[in-house]
Amino acid sequence: MGRLPAEFAGKTITFRIPYSMPGELIVASNTQGTQFPDATFLHNVDKPFEIHRVLVRLTGLDDNDAVIPAQPANLGKLVRLRLQDTSKNEALTKAAHLVDTLLSANTETWDWEDPYTLVRSEGFQVQADTQVLGNVCSPDANCDLVSTAVASVRVEIAFQGYLIVIAPPSEVR
């Protein structure tokens, strides 16, 4: 047996196509229950999506939604995520989960030993909470350090894996 399942729904998987389902959401400091739009993580492709990992990146933004040059190192300790599979009515996290403890320190991803498969019209609801994001010291145009308020965080999520192609009923495609 190989590293990946050879069948899905009792049919042979003939090949896999690398695929990513990304989304971004800007969440203000000290905000609870900000939800990605429902369509962001809705799978509407005619092939099943076999998910192997969740990639999460956090980017601190200033009052103008500009990226802060020197990113705060502790954003993962200030942002929580809650994931729910809406079609199967299953929570992927028991509660809102700190990003810092959700991701592997080595890969900065949430790797799934066994793939999680979505079919057409299935998807995830993702909700983000933030604590007070604080300030960070960043260099100005003269390379002097100035304190910059982290007004919001851009939460970047990508479900990554493969679209799976199932064997056709005959050898003719």
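**View 1. Phe36 and Phe41 are both buried.**
This close-up, like the others, comes from a predicted model. Let us start with two phenylalanines that are hidden from the surroundings: Phe36 and Phe41 are each buried. Their ring centres are 5.2 Å apart and their planes meet at 55°, so this pair counts as tilted. A tilted pair has an angle that is neither under 30 degrees nor over 60. A search of the whole structure finds seven aromatic pairs.

**View 2. Phe41 also pairs with Phe159.**
Stay with Phe41 and look for a second ring, that of Phe159. The centres of these two rings are 5.1 Å apart, and their planes stand at 75°, so the pair is edge-to-face. Where in the chain do Phe41 and Phe159 lie? Phe41 is in the loop between strand E3 (34-35) and strand E4 (42-43), while Phe159 is in strand E13 (residues 152-166). The pair links distant parts of the chain, 118 residues apart. Phe159 is buried, and so is Phe41. If you widen the view, you meet one aromatic cluster made of Phe36, Phe41, Trp110, Trp112, Tyr116, Phe124 and Phe159.

**View 3. A salt bridge between Asp111 and Arg53 ties two strands together.**
Here the side chains of Asp111 and Arg53 meet, with 3.7 Å from N to O. Asp111 sits in strand E9 (residues 109-118) and Arg53 in strand E5 (residues 49-61), so the salt bridge ties together parts that are 58 residues apart in sequence. Are these two residues buried, exposed or partly exposed? Asp111 is partly exposed, at 40% relative accessibility. Arg53 is partly exposed too, with a relative accessible area of 30%.

**View 4. Thr109 is a buried residue of strand E9.**
Thr109 lies in strand E9. Its relative accessible area is 8%, so Thr109 counts as buried, a class that ends at 20%. Which side chains does the side chain of Thr109 meet in polar contacts? One is that of Thr107, at 2.8 Å. Another is that of Asp111, at 3.0 Å, the residue you met in the salt bridge with Arg53. Leaving aside residues up to four places away in sequence, Thr109 touches Arg53, Val54, Leu55, Leu103 and Ser104.

**View 5. Glu108 and Ser121 have positive phi angles.**
Most residues other than glycine have a negative phi. That makes two loop residues worth a look. Glu108, in the loop between helix H1 (99-102) and E9, has a phi near 55°. Glu108 is partly exposed, at 44% relative accessibility. Ser121 has its place in the loop between E9 and strand E10 (122-130). The phi of Ser121 is about 70°, a positive value although this residue is not a glycine. With a relative accessible area of 48%, Ser121 is partly exposed.

**View 6. Strands E11 and E12 form a hairpin.**
Strand E11 (residues 135-139) and strand E12 (residues 145-149) run antiparallel, and five bridges join them. To find your way, look for Pro139, which stands opposite Leu145 in E12. What lies between the strands of this hairpin? The connection has five residues, and Cys143 takes a positive phi near 70°.

**View 7. Asp46 and Lys47 form a salt bridge.**
The closest N and O atoms of Asp46 and Lys47 are 3.4 Å apart. Asp46 is exposed, with a relative accessible area of 55%, whereas Lys47 is partly exposed at 27%. A search of the whole structure finds eight salt bridges.

**View 8. Arg154 and Glu156 meet in a salt bridge.**
In this last view, the side chains of Arg154 and Glu156 come within 2.8 Å, N to O. Is Glu156 buried or exposed? Glu156 is buried, with a relative accessible area of 18%. Its partner Arg154 is partly exposed, with a relative accessible area of 23%. Elsewhere, salt bridges that share partners join Asp85, Lys88 and Glu122 into one network.

Notes: Residues are numbered from 1 along each chain as its sequence is written. This is a predicted model: local features need pLDDT of at least 70, side-chain atom pairs count only at pLDDT 80 or more; totals for chains, interfaces and linings use all residues. Side-chain values use heavy atoms; hydrogens and water are left out. A salt bridge is a side-chain nitrogen of Lys or Arg within 4 Å of a carboxyl oxygen of Asp or Glu. Buried means under 20% relative accessible area, exposed over 50%, partly exposed in between (1.4 Å probe, protein chains only). Helices (H or I, at least four residues) and strands (E, at least two) are DSSP runs, numbered from the N terminus. A polar contact is a pair of N or O atoms within 3.5 Å; within protein, one must be able to donate a hydrogen and the other to accept it, and residues adjacent in sequence count only if both atoms are side-chain atoms. Contact means heavy atoms within 4.5 Å. Rings of Phe, Tyr and Trp (its six-membered ring) pair if their centres lie within 6.5 Å; planes under 30 degrees apart count as stacked, over 60 as edge-to-face and the rest as tilted. Two strands pair if DSSP finds at least two bridges between them.
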